[in-house]
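User: I'm new to reading protein models and would like a close look at a single part of one. Could you walk me through it in plain words?

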Amino acid sequence: MTNKRGSLPAGRPDGTRPRILALLREGAWTVDDLAARLGITDNAVRFHLDALEREGVARKEGVRRSGGAGQPAVLYSLTAEGEEAFSRAYAPLLLASLAELREQMSSSQLLAFLKRVGRRLAGQHAGSRVSLSSRVNSAAALLNDLGGVTSVEKSGDDFIIVGKACPLSRAVEADHCVCAAVTALVAEVAGAEVTERCDRSGRPKCCFEISAGSKPRAIAHG
């Protein structure tokens with residue numbers, strides 16, 4: 001099964017895949033390089049590299065020419081998404097940035113800023129003229145790509161995006177205003193009025209009500 005973009009592949013019980021990823025962090029390697037370092041066959045390395053390419057965490061970077069006869073050897077490296085999966089700096093940096101913004105801005109200014117961030121995150125997914133159902137599903141898919149776990153439910157003519165996990169859970173736990181960015185993202189992609197009903201009683205879980213036949217507007221309920 002393909003992992004979510006930006007998440008580390010589970011690998012196999014022998015730990016070969018994590019060891020390949022660790023080597024790719026150091027630079028570009030050929031299949032022969034990796035096989036020699038890991039003490040496994042070329043075919044075993046290719047099996048794992050094919051899986052890592054499908055998951056978006058490894059890529060072909062170029063070739064190494066030996067100067068002799070034969071085909072040049074393909075070099076593999078880690079993608080930006082693969083590198084991000086190793087980093088533990090994003091959540092602390094976001095939390096520190098929020099704390100700094102809280103000191104520099106009023107609550108209304110911070111909310112307005114976060115809504116702009118959400119609309120920017122919507123990016124190329126915004127402004128589509130397809131059906132509301134398709135737009136809502138696109139918004140849910142984007143949340144999932146960002147690390148959420150959501151599904152779409154129908155409620156009459158309206159829709160509800162129900163989440164089992166929040167892509168910004170650590171930040172939301174620290175400051176509920178972060179939900180404004182996610183709500184604005186959903187409103188921008190869905191092209192409709194969105195009311196935030198997130199569950200923050202424990203580990204944050206997303207919930208957004210999307211009204212049919214309405215203009216984009218993000219409504220937050222604390």
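Is glutamate 53 buried, exposed or partly exposed?

Analyst: Happy to help, and please keep in mind that this is a predicted model. Glutamate 53 is partly exposed, because its relative accessible area is 25%, and the cut-off for buried is under 20%.

Let's start with the partner of this residue. Glutamate 53 makes a salt bridge with lysine 60, and the closest N and O atoms of the two are 3.1 Å apart. Lysine 60 is also partly exposed, because its relative accessibility is 46%, and a residue must be over 50% to count as exposed.

Now for the helix around it. Helix H3 runs over residues 42-54. H3 has 13 residues, and from its first C-alpha to its last it reaches 18 Å, close to the 18 Å expected at 1.5 Å a residue. The buried residues of H3 are Val45, His48, Leu49, Ala51 and Leu52. These cover an arc of only 160° around the axis, so they sit on the same side of H3. Asn43 and Arg54, on the other side of the helix, are exposed. And what do the buried residues of H3 pack against? They pack against helix H1 (16-26), H2, S1 and strand S2 (73-78). Just after H3 comes glycine 56, which takes a positive phi of about 80°.

One of the buried residues of H3, Leu52, also belongs to a separate core of 16 residues, which includes Trp29, Ala58 and Tyr76 as well.

Two of the elements packed against H3, namely H2 and S1, are joined by another salt bridge. Arginine 64 pairs with aspartate 33, with their closest N and O atoms 2.9 Å apart. Arginine 64 lies in strand S1 (residues 58-64) and aspartate 33 in helix H2 (residues 31-38), so this pair ties together parts that are 31 residues apart in sequence. The two ends of the bridge are covered to differing extents: aspartate 33 is buried, because its relative accessible area is 19%, whereas arginine 64 is partly exposed at 40% relative accessibility.

It may help to set this part against the whole chain. The chain has nine helices and seven strands, and 36% of its 222 residues are buried. Among contacts with a separation of 6 or more, 55% are between residues 24 or more positions apart. The structure holds eight salt bridges, including the two we have just met.

A third salt bridge joins arginine 197 to glutamate 209, with the closest N and O atoms 3.4 Å apart. This pair links distant parts of the chain: arginine 197 is in the loop between strand S5 (193-196) and S6, and glutamate 209 is in strand S6, 12 residues away. Arginine 197 is partly exposed, because its relative accessibility is 40%, and glutamate 209 is partly exposed too, because its value is 31%.

Strand S6 also brings us to the largest nonpolar core. This core has 33 residues, and Ile161, Val186, Phe208 and Ile210 touch the most other members. Strand S6 (207-210) is among the elements that give it two or more residues, along with helix H6 (107-122) and helix H9 (179-190). H9 provides the largest share, nine residues.

For a helix to compare with H3, try H6. H6 has 16 residues, which should span 22 Å at 1.5 Å a residue; its end C-alpha atoms are 23 Å apart, which agrees. Leu110, Leu114, Gly118 and Ala122 are the buried residues of H6. Seen down the axis, they fall within an arc of 125°, so they line one face of the helix. Ser108 and Arg120 are exposed on the other side of H6. The cover over the buried residues of H6 includes H5, H7 and H9. After H6 comes glycine 123, with a positive phi near 50°.

So, back to your residue: glutamate 53 is partly exposed because its relative accessible area is 25%, and lysine 60 is its salt-bridge partner.

Note on methods:
Residues are numbered from 1 along each chain as its sequence is written. This is a predicted model: local features need pLDDT of at least 70, side-chain atom pairs count only at pLDDT 80 or more; totals for chains, interfaces and linings use all residues. Side-chain values use heavy atoms; hydrogens and water are left out. A nonpolar core is a set of buried Ala, Val, Leu, Ile, Met, Phe, Trp, Tyr and Cys residues joined through side-chain atoms within 4.5 Å. Buried means under 20% relative accessible area, exposed over 50%, partly exposed in between (1.4 Å probe, protein chains only). Helices (H or I, at least four residues) and strands (E, at least two) are DSSP runs, numbered from the N terminus. Contact means heavy atoms within 4.5 Å. A salt bridge is a side-chain nitrogen of Lys or Arg within 4 Å of a carboxyl oxygen of Asp or Glu. The expected span of a helix is 1.5 Å times one less than its number of residues. The arc is that of the directions from the helix axis to the C-beta atoms.
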